[in-house]
Amino acid sequence: MAKGLLVTYALWAVGGPAGLHHLYLGRDSHALLWMLTLGGGGLGWLWEFWKLPSFVAQANRAQGQRQSPRGVTPPLSPIRFAAQVIVGIYFGLVALISLSSMVNFYIVALPLAVGLGVLLVAAVGNQTSDFKNTLGAAFLTSPIFYGRPIAILPISVAASITAQKHRRYKSLVVSEPLSVRLYRLGLAYLAFTGPLAYSALCNTAATLSYVAETLGSFLNWFSFFPLLGRLMEFVLLLPYRIWRLLMGDTGFNSSYFQEWEKLYEFVHSFQDEKRQLAYQVLGLSEGATNEEIHRSYRELVKVWHPDHNLDQTEEAQRHLVEIQAAYEVLSQPRKPRGSWR
């Protein structure tokens with residue numbers, strides 16, 4: 001049955017951020033992407049207002065026929081590449097918050113989550129990419145940055161480059177019953193949101209703390225690039241701004257930043273608490289110099305080295321891990337309270 005442009009625009013207006021118009025047009029990958037990102041943070045939903053006629057025309061092509069001749073490579077799209085990197089980072093952050101307690105998280109779960117995010121964007125529309133090569137690039141990059149949240153960025157970039165290198169048109173357009181498509185989308189949505197919901201509901205305090213730590217690390221990535229930092233802050237604030245516009249609140253002033261400021265304060269207070277604990281572990285007073293931190297670290301490592309504590313190896317190993325973590329916290333430069341703003 002031919003798809004109507006007016007129906008598409010109506011679904012776009014009513015349930016666009018949830019991907020209803022893409023579901024109507026048979027663009028299931030795009031619908032799932034919108035479901036998981038609320039229409040690309042609202043920005044993608046607004047931008048595709050002008051793209052809907054081309055989406056409808058594409059959906060009305062003959063079913064069961066190739067969308068492009070065999071061997072033809074789709075043109076390189078900088079927008080698709082940027083979206084792959086961003087969604088890969090987004091999937092990685094969600095995995096970091098909800099699955100980081102897993103054994104071998106940085107080897108298995110993190111590259112898998114980032115790679116699937118990149119592949120989801122690669123499968124939007126009439127294009128796709130190679131599943132094995134894209135995930136392979138993610139898994140090969142992950143050990144290089146093992147144990148560090150910043151691993152999300154290089155893994156996403158490597159997977160996105162590989163996905164672009166192996167991009168191709170989808171071979172066939174296969175018509176499936178709506179019930180089957182909804183079932184598949186529902187499973188994918190639950191697989192994404194289930195672990196996050198479990199962490200938030202069953203371990204709320206730890207999840208909030210980890211969200212704060214992850215957000216702090218993420219914003220710190222851009223500390224040397226002020227323009228990029230402001231851009232990321234704008235992107236993170238965009239869904240809230242769109243919500244206020246849709247709710248009809250036209251009184252935009254400094255007060256609408258209150259919720260965001262609270263989040264910043266929470267992040268900063270959590271970082272302060274972590275630094276105070278690190279000082280206690282190293283037996284130092286707050287404000288100790290770098291030389292004092294380094295000297296205390298070396299002395300404690302000698303005291304608690306497992307080779308010097310053969311009768312209490314497990315306790316020595318635990319202390320050594322705590323000392324190393326405290327030293328890493330205090331080795332990072334402390335940011336002014338207003339630096340993230």
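Histidine 30 lies in helix 3, which spans residues 28-41. In this predicted model, histidine 30 has a relative accessibility of 7% and therefore counts as buried, the limit being under 20%. Apart from residues up to four places away in sequence, histidine 30 touches His22, Glu48, Phe55 and Val124.

Helix 3 also contains aspartate 28, which takes part in salt bridges with helix 10 (residues 178-202). A search of the whole structure finds four salt bridges. In one of them, the side chains of arginine 181 and aspartate 28 meet at 2.8 Å, N to O. Because arginine 181 belongs to helix 10 and aspartate 28 to helix 3, this pair ties together parts that are 153 residues apart in sequence. Both residues, arginine 181 and aspartate 28, are buried. Aspartate 28 forms another salt bridge with arginine 184, with the closest N and O atoms 3.7 Å apart. Here too distant parts of the chain are linked, as aspartate 28 in helix 3 and arginine 184 in helix 10 are 156 residues apart. The relative accessible area is 14% for aspartate 28, which is buried, and 39% for arginine 184, which is partly exposed. Asp28, Arg181 and Arg184 are thus joined in a network of salt bridges.

A further salt bridge joins the side chains of arginine 318 and glutamate 322 (3.3 Å, N to O). These two residues are four apart in helix 15 (residues 313-331), so about one helical turn separates arginine 318 from glutamate 322. Arginine 318 is partly exposed, at 43% relative accessible area, and glutamate 322 is partly exposed at 35%.

Helix 1 (residues 5-15) has Thr8, Trp12 and Gly15 as buried residues. Viewed down the helix axis, the buried residues of helix 1 fall within an arc of 105 degrees and so line one face. Leu6 and Val14 are exposed on the face turned away from the buried side of helix 1. The cover over the buried residues of helix 1 includes helix 2 (20-24), helix 4 (43-47) and helix 5 (52-59).

In helix 8 (residues 131-141), Thr134, Leu135, Ala137, Ala138 and Thr141 are buried. Their directions span an arc within 150 degrees, so the buried residues of helix 8 line one face of the helix. The face turned away from that side carries exposed Lys132 and Leu140. Helix 7 (105-122) and helix 9 (152-165) are included in what covers the buried residues of helix 8.

The chain has a mean pLDDT of 78, with 72% of residues at 70 or more. Over residues 249-257 the pLDDT is below 50.

Definitions and conventions:
Residues numbered from 1 in each chain as written. Predicted model: local features only at pLDDT ≥ 70, side-chain atom pairs only at ≥ 80, totals over all residues. Heavy atoms only, no water. Buried < 20%, exposed > 50% of the residue type's maximum accessible area, 1.4 Å probe, protein only. Arc of directions from axis to C-beta. Contact = heavy atoms within 4.5 Å. pLDDT = per-residue confidence, 0-100.
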